[in-house]
Amino acid sequence: MPLDATRRRAAVLLGVFGLVAAVEWIAAARAYRPLLSAADWDAAAAALAALPADEPVLLADDWLGPVARRHLPALQRSLGRPDLHGAPRFHVLALGEPLRPDLRADLDGLALEPLGVDDLGPLALHHFAAPASGHVLWDILDQPALLPADRHGPCKKAQKTWVCKQGRVTARWAEVGYRPRRCLALDMSDGAAFELRGRVELGARLRGHLGFTDFNGRLRNDAPAVVELEVDGVPRARWLVSDNQGWAGFELATAPGPAELTVRVTSLLAGTFTPGGYDPDARRVPCLDLRALTEPA
Amino acid sequence: MTRRLTALVAVALGLVVVLLLARGHRDVGYVRDEGIYFHASRAYADWAVRGLRSPSALFDRAARDRAFAVNHEHPALMKLAGGLSARLFSAPGPEGQPAEARAQAGLLPLVPEGAAMRLPAQLLAGLGVVLLALAGAALARPRGHVLGDTSPPPPDLSPGTWTIHPLVPALLAALWFIGLPHVWFHAGLHCFDVPVAVLTLAVVLCYRRALASWRWSLLLGPLLGVAISVKHNALFVPVLLGVHYLASLALARRRPSRGQWLPLPFLSMALLAPPTVLALWPWLWRDPLVRLGEYFEFHRLHAYYNTEYLHINYNQPPLPWSYPFVLTWATVPTALLLLAGLGLVLAVRKDLSAKPPADLPANTFAAPLRGHPARDGLLWALFGLFPLLLISLPSIPIFGGTKHWLTAYPFLALAAAFAYVTLWRGLAPTGRLRHLPAALLPLLLVPALWSTAHGHPHGLSQYAPLAGGARGAADLGLLRGFWGGAVAPLLDDMSRRPGPLYLHDLHELARLQYEREGRWPPGLAGAPLSRARAGLLFHERHMLSNEVDLWNHFGTTAPVDVVTLDDVPLTSLYAGGN
């Protein structure tokens with residue numbers, strides 16, 4: 001018996017709803033179960049243990065971080081990397097797509113060569129080469145040769161912190177642009193300049209970043225900071241960085257070899273603006289990373 | 001018989017919901033707002049009990065203000081009910097704690113104090129299910145509803161007339177609402193969001209009756225007052241009802257009578273709702289205009305808290321207009337949502353073409369629309385879309401996720417039931433196929449129920465199947481659990497860690513509530529991170545700042561324990577040597 005138009009329309013619509021609901025059953029069966037078992041984490045741990053210790057291992061799915069770091073200590077050492085420059089080979093552990101937007105941003109122009117994928121069950125370990133990335137010769141976070149100072153004189157080192165007359169500087173993790181970064185947090189007074197000076201081995205370029213932490217401070221203060229680099233006493237570069245640039249990268253070409261390097265960061269306003277006025281005690285802190293990199297191999 | 005059976009099933013379903021909420025939510029941690037509501041509830045109930053013992057105490061201004069100053073930015077009704085419920089049903093807290101730090105035993109000590117305070121909201125959720133089931137069942141009537149016609153429909157025995165069992169739309173409407181993970185989660189809390197959604201539904205159903213009955217009109221005003229006494233969302237109800245009323249008058253295409261210009265239902269709302277609000281909120285008994293002004297000012301200038309939406313943290317306007325629509329799609333199964341959308345279209349189209357009979361007598365002040373078509377579609381569209389449209393305004397804060405537009409869902413549920421009935425009526429299957437509407441109901445409802453059951457007790461972090469559940473939402477960059485509640489599974493582990501503990505987003509008053517009930521690890525005090533030896537972290541995009549503080553403090557980025565929903569971290573416990 002042929003259906004009239006009303007019945008046909010009703011049948012089609014009910015069919016569509018039924019079909020969507022059936023798809024939802026399948027989607028629910030996929031979504032509503034844990035994907036990762038203890039065995040999967042063990043397999044991932046074994047795969048990571050076989051990797052060279054100096055090659056970064058990154059996690060593609062940021063949200064998985066706390067669980068992943070709990071099972072895979074190897075992930076901790078790469079957490080908060082400034083970017084992927086200086087890492088000719090690296091590895092990405094992923095549930096799905098390995099090169100998420102955050103990782104692509106960290107490539108910052110580097111060309112990649114996929115080297116292969118290890119299937120670890122729900123997870124996969126992707127191997128990449130970045131031949132143009134160069135090697136890290138020197139990193140501001142682990143360079144004891146640089147002497148810190150503000151305009152009142154040298155700062156004193158206490159554990160991971162330099163205590164200066166106009167503030168303090170700490171090598172630590174910081175949230176910048178809603179991502180964790182390991183950097184030098186420069187908690188200085190308004191207008192104060194923090195300076196690091198020393199003899200270092202330079203490569204083909206100096207590459208660094210500056211960002212502001214934390215998100216509340218960024219909301220309530222938009223003043224920029226100034227980064228200056230001097231090589232052998234000659235001013236070579238000066239950047240004005242504001243917090244809407246996020247983790248702002250900068251780079252300076254250098255002549256390889258030993259040189260006297262001066263890094264100066266001036267924070268124009270470190271406090272925050274509140275409904276009650278300017279509060280110098282609620283801080284928005286610039287955080288600096290700087291590394292010397294070689295020419296690509 | 002069918003009507004009685006439907007009513008019995010509706011009440012039974014409501015009771016089952018209350019029982020499941022009362023038991024199931026014992027596993028749901030206390031969220032931030034509940035901490036302050038528990039505290040306020042005790043203060044309000046103390047005042048009420050003193051008043052019961054000695055009524056003159058009710059008029060002691062200073063004592064009353066002391067009690068109701070706590071959390072006076074929200075009306076008192078649910079907190080007062082919660083406090084009195086605790087006085088009735090709270091089990092005593094553990095021995096050995098000071099009296100002020102342990103729950104007092106109620107008259108019939110059945111459940112922990114927090115669970116007792118949650119009970120009134122859970123009862124209202126059950127009432128909502130009953131109302132939806134009854135309103136849904138009425139959609140099975142073969143003809144459109146006429147206002148004032150309360151007689152059972154005569155059996156239509158003419159050949160070719162197809163009927164659907166009322167239980168089908170009844171169950172669809174009720175479970176569409178309560179079966180959603182976010183509705184279920186909020187329904188069990190000592191909060192106001194599901195209660196105000198239920199009371200909004202109750203007011204609207206009462207209004208429908210009031211359009212043709214003076215008795216319902218007299219109830220309408222106080223009922224609106226009760227709804228406003230639950231939460232400020234209800235302040236919009238009379239405005240939307242006014243729009244519906246004017247639209248109904250316009251669509252009647254006849255000159256309104258004098259009585260229709262100032263109808264009793266609206267007079268009742270105007271005259272009886274304000275004193276009801278005043279009576280139910282003792283904070284307003286002194287300086288009512290000043291305090292009402294403060295109340296409106298608080299909500300008008302509400303802070304913009306942080307919330308993640310598609311990988312962006314929003315904490316200042318302009319806020320994305322698409323937020324409530326995307327979040328609704330991400331938390332309500334798509335088939336149910338499509339059904340509701342179709343229901344709105346069909347019902348509004350029907351309403352726009354419906355006309356009152358030509359021989360309709362002049363309408364009166366007391367029954368201004370008696371005999372007119374009910375125009376339910378317009379009601380569902382107004383109440384189902386307004387909350388979402390309001391939140392979509394770029395200046396309206398969006399921090400609370402879906403809870404701020406839960407008031408829309410009962411009306412979307414009814415629209416979905418209407419669409420289901422209309423489609424099956426159009427298809428009119430016969431023979432064995434006539435059971436298809438009931439048989440295929442689980443096909444539509446199971447994804448929501450599955451989502452809710454699987455997400456429990458972390459329903460706030462659960463997402464719909466097509467959004468990919470919690471993992472999919474994390475991939476999409478949607479908020480995870482902004483309320484500091486997912487801590488109960490960590491209590492055991494926390495008892496093995498040295499204190500003090502950094503509480504992060506767990507409100508100190510929520511912690512005290514666990515302590516009052518003997519659920520908090522003894523001796524584990526809260527402390528700022530600088531003094532803490534263990535720390536909690538509730539994961540949200542903007543909370544990364546607090547997480548890196550924990551890493552720096554404890555010298556490790558690996559938590560010792562993590563609460564997850566389908567691999568997605570909700571809460572981490574950090575500990576270390578510092």
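**Cores and interface in a predicted model**

Trainee: This model is predicted, so let's start inside: which residues have the most contacts inside the largest nonpolar core?

Mentor: That core has 149 residues. Helix H17 of chain B, residues 409-427, gives the most to it, with 15 residues. The ones with the most contacts inside the core are Trp176(B), Ile178(B), Leu241(B) and Tyr409(B).

Trainee: And what does Leu241(B) touch, not counting residues up to four places away in sequence?

Mentor: Leu241(B) is one of those with the most contacts inside the largest core. With that sequence window skipped, Leu241(B) touches Val203(B), Val204(B), Tyr207(B), Phe266(B), Met269(B), Leu379(B) and Phe383(B).

Trainee: Is Glu34(B) buried or exposed?

Mentor: Glu34(B) is found in helix H2 of chain B, residues 32-53. Beyond four places in sequence, its contacts are Gly29(B), Arg118(B), Leu189(B), His190(B) and Cys191(B). The cut-off for buried is under 20% relative accessible area. Glu34(B) has 0% relative accessibility, so it counts as buried.

Trainee: On to the interface: about how much area do chain B and chain A bury between them?

Mentor: In contact there are 58 residues of chain B and 45 of chain A. Of the area buried between the two chains, 67% is on carbon and sulfur atoms, and the total is about 4500 Å².

Trainee: How many salt bridges does the rule find across the interface of chain B and chain A?

Mentor: Glu547(B) forms a salt bridge with Arg69(A), with the closest N and O atoms 3.3 Å apart. Across the whole interface, the rule's count of salt bridges is two.

Note on methods:
Residues numbered from 1 in each chain as written. Chains lettered and ligands numbered in written order. Predicted model: local features only at pLDDT ≥ 70, side-chain atom pairs only at ≥ 80, totals over all residues. Heavy atoms only, no water. Helix = DSSP H or I, 4+ residues; strand = E, 2+ residues; numbered from the N terminus. Buried < 20%, exposed > 50% of the residue type's maximum accessible area, 1.4 Å probe, protein only. Contact = heavy atoms within 4.5 Å. Core = buried A, V, L, I, M, F, W, Y, C linked by side-chain atoms within 4.5 Å. Buried area = accessible area lost by both parts, 1.4 Å probe. Salt bridge = Lys/Arg side-chain N within 4 Å of Asp/Glu carboxyl O.
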